[in-house]
Amino acid sequence: MIDTHCHIDFEEYDFDRQEVIKKAKDCLDAVIVSGIGYESNKGVLELSKEYENFIYPSFGFHPVSSQNSPQEELINTHEQIIENKNNILAIGEVGMDYFYVKDKAQREKQKEIFQTFIELSDEYEIPLLMHVRDCEKKALNMVLEYDNIPYVVFHCYSGSKKTAKRIMEKDNYYMSFSTMLCYSNAHQELIKNIELEHILTETDSPYLAMTKEERNEPANVVNAVKKIAEIKNEDLQTVDDITTSNARKVFGI
Ligand SMILES: [Zn+2]
């Protein structure tokens, strides 16, 4: 099993990161940690070096608040991605969040910034790991304009069935599902329509734990895999094999 998206570089893990990683190592094949900005990306890279061949980095840029970030940080992050293009598994998380951002001009700014990362992903042929909320269709239409993005991942997909169907028309497009599946009826219903061949698993730790007070961790991805097996009436091993091999293909690990 692979946790394809989490943030164990966050300070929430400062007092027990080693144990959290050890626990993950006992049950998972790999963990992908997603940076969320210039400084965060640096930390993610450090962490991946410390736990080589288990923790892998992806470099991102403020998916929920990119519109408020200084232009200089945007440019620095572009350069950082290019410099590390052979070290990172993906560009992400990057994207747009129309759930949090309602203002039209701010949404437009997010879109412009997101576009610059899509272009990088296309130019350097690096997989794109997207955070898109309440604008899945728009994001899909944007990435469909590009032919050289090797893989596209909708992290924590929460869009419509209709958009999911269009995503599945592309062999190299994936939707990742998190531990949220264990308690979200909407996601349980949604995943019934998604083919295993297009599914990745994640935790988005420290977020999306079983309860709001709890801190999530990568080892919990097991619960998401179990839930998928239960909903789809498949055995756990089959779901594990397919989703793990999807992740290995997308991220080249
Ligand atoms: Zn995230």
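**Exercise 1.** Find which residues of helix α5 (residues 136-143) are buried, and work out how they are placed around its axis.

*Solution.* Glu136, Ala139, Leu140 and Val143 are the buried residues of helix α5, where buried requires 20 or more other C-beta atoms, placed from the backbone, within 10 Å of a residue's own. They cover an arc of only 100 degrees around the axis, which puts them on the same side of α5; the arc is that of the directions from the helix axis to the C-beta atoms. An α-helix has 3.6 residues a turn, so residues three or four places apart point the same way.

The model is a predicted one, in which local features need pLDDT of at least 70 and side-chain atom pairs count only at pLDDT 80 or more, while totals for chains, interfaces and linings use all residues. Numbering starts from 1 along each chain as its sequence is written.

**Exercise 2.** Describe the surroundings of strand β4 (residues 90-97).

*Solution.* Helices (H or I, at least four residues) and strands (E, at least two) are DSSP runs, numbered from the N terminus. Seven of the eight residues of β4 are buried, so this strand is largely enclosed by the rest of the structure. Strands pair if DSSP finds at least two bridges between them: β4 pairs in the parallel sense with β3 (residues 55-59) over two bridges, and with β5 (residues 128-133) over five bridges, also parallel. In the latter strand, Met130 stands opposite Val94.

**Exercise 3.** Give the order of the strands in the sheet and identify its edges.

*Solution.* The open sheet has eight strands in the order β1-β2-β3-β4-β5-β6-β7-β8, with parallel pairing. At the edges stand β1 (2-6) and β8 (199-201), each with a single partner strand, so one side of each is left without a neighbour in the sheet.

Conventions:
A residue is buried if 20 or more other C-beta atoms lie within 10 Å of its own, exposed if 12 or fewer, and partly exposed in between; C-beta atoms are placed from the backbone.
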